[in-house]
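This briefing goes with the sequence and structure shown below. Please look them over before reading the points that follow.

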Amino acid sequence: MRRFAELVVRRRAWVVGIWLLALLALVPAAARVEHSLDVSATVDGSESGVVDSLLAGRFDSPFARFAVLVIDDVPAPGSPEGRALLARVVENVAAVPGVSGTLSYLDGADSLFIGAGGHGTFVIVGLDARGQPERLVEPLRASTRRLGAELRATHPEMTLRWTGETPVNVDIREASARESRRGEQRVLPLTLVLLLVAFGTVAAAVLPIAAGALAIVITLGLAVVIHSVYPLSVLLQNTVSMIGLGLGIDYALLTVSRFREAVAAGLGRHAAAVEAAHHAGSTIVLSGAAVFIGFAALLLLPLSEIRSIGVGGMIVVAVSVLIAATLLPALLALLGRRVEAGRLLPKRLGLPSTDRMWAAWGRGVVARPVLVLILASAPLLLLGWQATRMRTDLPRGNWLPAEMESAAALADLADMRRDGIASTLRVVVAAPAGRTVLDDDAWAALGRTTAYLQADPRVARAQSLASILPQPSMYRMLPAETLRGLLSEDRRYGLIEVIPAPGVHFNDVSELAREIAALDDVSLTGLPGADVLVGGLPAFNAEYLDVLRRGLPGVIGLVVLATLLALVIGLRSLLVPIKAVALNLVSVAAAFGAVVLVFQDGYGARFIGLDAPLSAVFPAVPVLVFCIVFGLSMDYEIFLVTRVREARLRLGEADAIVEGLSKTGAVITSAAAVMVVVFGAFTLGDFLFVKVLGFALAVAVLVDATLVRLAIGPALLRLGGRWNWWPGDRLRRQHDAARATATSSLPPMHDARS
């Protein structure tokens, strides 16, 4: 690492130039991130995905992908005025390029399209599934905005709003991007204040912020480039913003602190930069490896969103490490003592002035390790115990941001008692190989399955060819568009559209999908060789939850074992890595416990903008928090332990712990304060998923950087004594003995003067 540090400082102009070129090359791509990455999620090999493919391919259905246009506060479509108004809306929508079909009250005067009380209606609009349906949402909205402005001259209360899976995905993408921007705007001023307090100078404070911002921009640009060959979800943007700011600033803070410490010790700017890159760089590389492992474990889950977050996290960690290990030392070597420019606070208030305070704390911990361990562990264990009550599912109620048009449209449908339209199940019955659903026994199987679904109290309507026609020979009487939606072109597959009953929650529909998928196909259809496939958004949600729940133990096991192995190699110790991993588990459990108390029980929820407790926590939160926190928590452990290891050879075990705390206590608390502010800023947003995630990460970092790393960790180091460094000490002694033996066996050197 020292040779690498010397190379970086010696070639500092080249290093800065390379980073500048990378920034210029990737800024244009980063600017396109919101409109380049995917908005929809997928589950690899899912049954719902097979149904989507069948509808788009075998059926060539105009409604394989669809959106719902909700029209509220208008005359009933059964009245002449309402019918004329609806006809104008449908004609306007159908003219938008990419619309593959429309279905409304005009097609058969179905009472399903009349809202409760006779007011309000909706139009089902097919989207061309062969392209990118998400790209049609904005043209459709632009079209209805223009039409709405005209129609409100005679119907001033009328609303035209879009919802359904595709519009909701688009709105979530925009909400995610908006939350990232707002979070960054909230966090940067607060972070600058914290760094000014920590360093006391403008130059030293600006460097970490610039490092975090650079890490975000380069990562987002690389994500857009990677997306051209490997699909990525736009939801990685929030994670990249949070982790990029937090981790980039943390690592930069450590590097800058080491440089200033070396300068204060009398080294020149080049030597100080090498010293910072050598010692801080080694720590940062090991710390980054731990965080990288956590994100890499997310790739195990066959979920496109989770994998995308994993890829984004891996990139931003790697970029943050490279910036701290190369660009910052190069800049510091160029700046030298100018890093102290713009001093706003006296030196006595800066970071080094807290050394004595942390040394005093360290002496107290070393003197009474058992007492410190008991007092610090008790509240964490009580908080962690609350995590056993965590419920994972989609929260009930309307948890989408209120400013989302699709969320308002869902509320309109609920008022009409037609909310099931947005969460339909799509059940495909496949006839045995070589047969068609128009054969008598397959037709009977389709009818039997339809009747079974219709009898479920959670279902308002189950509709198929067998429920519309008395016998299969009459199928040619149906309009071609209707037939394409219910019967595949090869006649082997029949579709059952299942509309949930009014008021049935989305989670209950997902459970229905899970139950149907678990049924024996023969007992359900009465036909050997027939297959029943379940699709639609609720079925996708059920598969998504099941994959997360099944995959979480494997992800936890991989992260724990891989992190343990990395620490054993990096620290050349066995006891310290085991202790670090165990403490990480405590930090994660405490974070989950806090989430339960605030979000499920409602304690203090109103302070973070939550009107009422949640019925459950998003199922993706536990796996994301675990993988992210497990790596981030390791940062502070590595900061402390590597400093203690440096000092113990010249000071002894107890004094090394005291010095380690005195040299890293301020860095750890400053870095943690920045991290808590970064994550806390996202807690204040309106996007509930990001709010829960930000809160959990903020609590985990706060707990870890205070009670865990500065109290429990040092106490355990003291109790472990020299066993902390086994077998590294023994290997070092053997190495020193071998070198001594080799040196003594060499022939004596002659003095050149002789």
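What share of the 754 residues of the protein count as buried? The share is 55%, where buried means under 20% relative accessible area, exposed means over 50%, and partly exposed lies in between (1.4 Å probe, protein chains only). This is a predicted model, in which local features need pLDDT of at least 70, side-chain atom pairs count only at pLDDT 80 or more, and totals for chains, interfaces and linings use all residues. Residues are numbered from 1 along each chain as its sequence is written, and side-chain values use heavy atoms, with hydrogens and water left out.

**Overall build**

- The protein has 25 helices and eight strands; helices (H or I, at least four residues) and strands (E, at least two) are DSSP runs, numbered from the N terminus.
- Along the principal axes, the C-alpha atoms fill a box of roughly 115 × 60 × 55 Å.
- Among contacts with a separation of 6 or more, 82% are between residues 24 or more positions apart; contact means heavy atoms within 4.5 Å.
- About 30700 Å² of the protein is exposed, and carbon and sulfur atoms supply 62% of that area; accessible areas come from the Shrake-Rupley method with a 1.4 Å probe, and for residues only the protein chains shown count as cover.

**Strand 1 and its partners**

- Seven of the eight residues of strand 1 (65–72) are buried.
- Strand 1 pairs with strand 3 in the antiparallel sense over seven bridges; two strands pair if DSSP finds at least two bridges between them.
- In the pairing with strand 3, I71 stands opposite T121.
- Strand 1 is also joined to strand 4 by five bridges, again running antiparallel, and V68 stands opposite T163 there.
- In general, strands of a sheet pair through backbone hydrogen bonds, either parallel or antiparallel.
- D60 is in the loop between helix 4 (47–56) and strand 1.
- D60 has a positive phi of about 55° although it is not a glycine, and it counts as partly exposed because its relative accessibility is 28%.

**Helix 14 and the residue after it**

- The buried residues of helix 14 (residues 405–415) are S406, A407, A409, D412 and L413.
- These buried residues pack against strand 1, strand 3 (121–127), helix 6 (137–151), strand 4 (159–163) and helix 7 (165–199).
- R417 comes just after helix 14, in the loop between helix 14 and strand 5.
- The phi of R417 is near 65°, a positive value in a residue other than glycine.
- R417 has a relative accessible area of 44% and is therefore partly exposed.

**The four-stranded sheet**

- Four strands form an open sheet in the order 6-7-5-8, with antiparallel pairing.
- Strand 6 (459–463) and strand 8 (531–535) are the edge strands, and each pairs on one side only.
- From one strand to the next, the twist averages 20°; axes are lines fitted to C-alpha atoms, for helices over the stretch in contact, and angles run from 0 to 180 degrees between N-to-C directions.
- Strand 5 (residues 425–430) and strand 7 (residues 493–500) run antiparallel and are joined by six bridges; A430 has Y493 as its bridge partner in strand 7.
- Helix 15 (residues 440–454) lies across strand 5, strand 6 and strand 7, and runs at about 170° to strand 6.

**Two residues of helix 9**

- T255 is in helix 9 (residues 236–264), and R258 is in helix 9.
- T255 counts as buried because its relative accessibility is 1%.
- Leaving out residues up to four places away in sequence, T255 touches A276, A280, I284, A324, L328, P329 and L332.
- R258 has a relative accessible area of 11%, so it is buried.
- With residues up to four places away in sequence not counted, R258 touches A276, H279, A280, R643 and E646.
- An α-helix has 3.6 residues a turn, so residues three or four places apart point the same way.

**Helix 21 against helix 24**

- The axes of helix 21 (residues 575–600) and helix 24 (residues 688–720) come within 8 Å and cross at roughly 145°.
- By class, the contact of helix 21 with helix 24 has 20 nonpolar, four polar and four charged residues; Ala, Val, Leu, Ile, Met, Phe, Trp, Tyr, Cys and Pro count as nonpolar, Asp, Glu, Lys and Arg as charged, and the others, Gly among them, as polar.
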